[in-house]
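Here is a set of worked exercises for you to try with the viewer open. Have a go at each task before reading its solution.

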There are 2 protein chains.
Amino acid sequence: MSISQRGDGDDEGRRAWLRSVAADVARQDRSSSAERAANILRRSITEGALRPGAQLSEIELTEVLDVSRNTLREAFRLLTHEGLLVYKLHRGVFVPELDEQDVVDLYRLRRVLEVDVVRGLEKRVPELPEGRLEPLQDDVEAAEAAALAGRWPAVGTANMRFHRHLIGLADSRRLDDITGRLLAELRLLFHVIARPQELHEPYIKRNRGIFELLAERRYEQAADQLQQYLLDSEQGLLDAFKSR
Amino acid sequence: MSISQRGDGDDEGRRAWLRSVAADVARQDRSSSAERAANILRRSITEGALRPGAQLSEIELTEVLDVSRNTLREAFRLLTHEGLLVYKLHRGVFVPELDEQDVVDLYRLRRVLEVDVVRGLEKRVPELPEGRLEPLQDDVEAAEAAALAGRWPAVGTANMRFHRHLIGLADSRRLDDITGRLLAELRLLFHVIARPQELHEPYIKRNRGIFELLAERRYEQAADQLQQYLLDSEQGLLDAFKSR
DNA sequence: AGCGTAGAGATTGTTCAACAATCCTGCAAG
DNA sequence: CTTGCAGGATTGTTGAACAATCTCTACGCT
């Protein structure tokens with residue numbers, strides 16, 4: 001039962017190979033069956049296959065995902081923590097239905113956190129290495145490309161990543177966690193939107209604008225633009241709710 | 001099997017009574033054995049019985065808490081999400097050991113969020129009903145009383161509650177969640193402190209000061225004081241780390 | 001002696017099947 | 001129309017079992 005088809009002399013190389021494979025696997029599904037199941041469910045929810053209000057039956061999902069009930073419940077817990085599922089005792093797990101109040105709540109936090117991150121960059125200019133803004137540039141360009149192709153959900157994803165990377169500039173593990181949750185919940189809200197194009201299209205240019213200001217180290221102006229961006233985006237969602 | 005011993009005429013009151021009882025029960029053991037186990041573990045950690053770095057053995061705790069391994073692991077998950085436990089794959093769960101970097105990270109978030117809440121009160125003065133500050137007053141007085149009795153851990157608890165109630169003024173579910181986690185992690189940090197008195201004592205007065213300013217609706221000044229409070233508190237923790 | 005390695009023992013990761021507790025549905029009685 | 005009560009379905013919890021992984025000890029080699 002050899003682990004490789006090479007000769008027996010190259011133990012060092014074999015071990016290195018094993019380590020890299022193990023690292024790859026660990027990167028793909030970070031730890032467990034539960035995480036893998038959670039990943040599948042997360043995609044199903046954020047991409048709209050599981051709509052807000054839907055109930056997730058345990059027995060049904062154990063068959064589809066091929067995991068035990070206990071493992072599935074652990075996956076549920078993971079997603080509950082991200083705000084993508086809610087538990088109702090003795091009734092099951094559901095995809096939450098967010099309302100206008102949640103929009104206000106989410107955007108209130110986004111404004112505080114994101115704007116503060118950008119303003120805080122001023123003091124950290126010396127520490128910020130070159131190329132730190134590259135992920136942001138990639139996201140902007142990905143959004144523009146997706147828009148040209150008319151793939152509006154992809155535009156939304158790219159915009160999300162832009163803001164996640166923006167927050168990442170703060171180098172705060174906890175801030176990254178919080179942002180992950182906030183943006184995940186935001187995706188739930190997008191499902192109430194009939195026409196995703198109108199929702200995402202205006203913000204492609206504005207993201208580029210913010211990126212340019214960051215690249216020029218004009219942080220105050222970037223923060224101001226971001227503030228207004230978030231206010232407008234919130235209003236857009238609230239309008240979508242009213243005209244639903 | 002009547003639900004009350006009163007006469008039949010007072011339906012409104014009876015329903016209110018029922019609601020309150022149901023709320024009470026729901027508050028006590030909110031959902032499940034897992035939650036109950038998590039509550040016990042949470043207290044054990046925050047009160048120092050389980051110190052940072054300690055490993056939590058599954059078989060040992062299943063006996064102590066009288067739950068099955070699966071349920072215990074669900075409790076572990078809950079606490080992991082609160083930051084009170086960390087999983088090391090195939091090695092078990094541990095009480096995390098935080099360092100100076102975590103202090104900086106935590107306080108960075110605390111400053112942003114708490115100060116913003118206070119500043120935001122300005123715009124919401126008309127909505128804020130009278131008596132909204134009462135919990136804050138109670139916490140200040142509880143801290144003062146505990147200090148007189150020399151019960152410094154209780155002082156720390158009261159101070160924590162003060163800040164939690166302060167955040168509560170924003171009426172944001174998500175902000176409450178985040179704060180709960182931040183303060184829980186903060187408690188882990190307190191355990192590196194040799195003399196809790198020096199850590200908590202100076203802040204009793206300052207909490208009262210902030211409360212008074214809030215009561216007088218001088219929100220800008222309250223926010224300034226709070227900002228300085230948090231900077232000093234952070235520095236105190238960092239000093240405690242260095243002189244350890 | 002020092003180093004690396006193999007294997008035993010212990011712990012965690014995952015599954016399964018069963019039972020208890022709770023909720024929902026539909027129907028019957030007042 | 002409301003109330004109360006089965007019956008069925010779903011979730012909550014348990015215990016046991018096995019697989020996968022880690023830790024520690026003891027052995028053999030240089």
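The exercises below concern a predicted model, and each task is followed by its solution.

**Exercise 1. The surface near DNA strand D**

Task: Find which residues come nearest to DNA strand D, and which helices supply the surface near this strand.

Solution:
- Step 1. Start with the 20 residues around DNA strand D; those that come nearest are A:Gly92, B:Ser32, B:Ser33, B:Asn70 and B:Thr71.
- Step 2. Now move to the helices. In chain A, helix 3 (58-65) and helix 4 (69-81) each supply at least two residues of this surface, as do helix 2 (33-46) and helix 4 (69-81) in chain B.
- Step 3. Ask who gives the most: helix 4 of chain B, with 3 residues.
- Step 4. Sort the surface near DNA strand D by class, and you get 5 nonpolar, 10 polar and 5 charged residues.

**Exercise 2. The surface near DNA strand C**

Task: Repeat the analysis for DNA strand C, and state how many residues surround this strand.

Solution:
- Step 1. DNA strand C is surrounded by 19 residues, and the closest are A:Ser32, A:Asn70, A:Thr71, B:Glu58 and B:Gly92.
- Step 2. Helix 2 (33-46) and helix 4 of chain A each give at least two residues to the surface near DNA strand C, and so do helix 3 (58-65) and helix 4 of chain B.
- Step 3. The class split for the surface near DNA strand C is 5 nonpolar, 10 polar and 4 charged.

**Exercise 3. The sheets**

Task: Work out the strand order of the sheet in chain A and say which strands stand at its edges.

Solution:
- Step 1. Chain A has an open sheet of 3 strands in the order 1-3-2, paired in the antiparallel sense.
- Step 2. Strand 1 (55-56) and strand 2 (86-88) of chain A each have a single partner strand, so they stand at the edges with one side lacking a neighbour in the sheet.
- Step 3. Look at one pairing: strand 2 of chain A joins strand 3 (residues 92-94) of chain A over 3 antiparallel bridges. Opposite A:Tyr87 you will find A:Val93 in strand 3 of chain A.
- Step 4. Turn to chain B, where 3 strands form an open antiparallel sheet in the order 1-3-2. Here strand 1 (55-56) and strand 2 (86-88) of chain B are the edge strands, each pairing on one side only.
- Step 5. Strand 1 of chain B pairs with strand 3 (residues 92-94) of chain B over 2 antiparallel bridges, and B:Gln55 has B:Phe94 in strand 3 of chain B as its bridge partner.

**Exercise 4. Helix packing**

Task: Classify how helix 9 of chain A packs with helix 7 of chain A and with helix 6 of chain A, then do likewise for helices 9 and 10 of chain B.

Solution:
- Step 1. Two packed helices are described by the angle between their axes and the distance between the axes.
- Step 2. Helix 7 (residues 152-168) and helix 9 (residues 196-215) of chain A pack at about 45 degrees, their axes 9 Å apart. The pair therefore counts as oblique, and the crossing is left-handed. Contact residues include A:Trp152 and A:Phe162 of helix 7 of chain A, along with A:Tyr203 and A:Ile204 of helix 9 of chain A. By class, this contact has 7 nonpolar, 5 polar and no charged residues.
- Step 3. For helix 6 (residues 134-148) and helix 9 of chain A, the angle is about 155 degrees and the axes are 10 Å apart. That makes the two roughly antiparallel, again with a left-handed crossing. Among the residues in contact are A:Leu136 and A:Val140 of helix 6 of chain A and A:Phe211 and A:Leu214 of helix 9 of chain A. This contact holds 7 nonpolar, 2 polar and 3 charged residues.
- Step 4. In chain B, helix 9 (residues 196-215) and helix 10 (residues 219-242) pack at about 170 degrees with axes 9 Å apart, which makes them roughly antiparallel.

**Exercise 5. Where the chains meet**

Task: Find how many residues each chain brings to the contact, and which helix of chain B gives the most.

Solution:
- Step 1. Chain A and chain B bring 17 residues each.
- Step 2. On the chain B side, helix 4, helix 5 (100-121) and helix 8 (173-190) each supply at least two residues; helix 5 of chain B gives the most, with 6 residues.
- Step 3. By class, the side of chain B that touches chain A has 6 nonpolar, 4 polar and 7 charged residues.

Technical notes. Residues numbered from 1 in each chain as written. Chains lettered and ligands numbered in written order. Predicted model: local features only at pLDDT ≥ 70, side-chain atom pairs only at ≥ 80, totals over all residues. Near = placed C-beta within 6 Å. Helix = DSSP H or I, 4+ residues; strand = E, 2+ residues; numbered from the N terminus. Nonpolar A, V, L, I, M, F, W, Y, C, P; charged D, E, K, R; others polar. Pairing = 2+ DSSP bridges. Axes fitted to C-alpha atoms, helices over the stretch in contact; angles between N-to-C directions. Parallel < 35°, antiparallel > 145°, perpendicular 65-115°, else oblique. Left-handed = near helix turned anticlockwise from the far one by under 90°. Contact = placed C-beta atoms within 7 Å.
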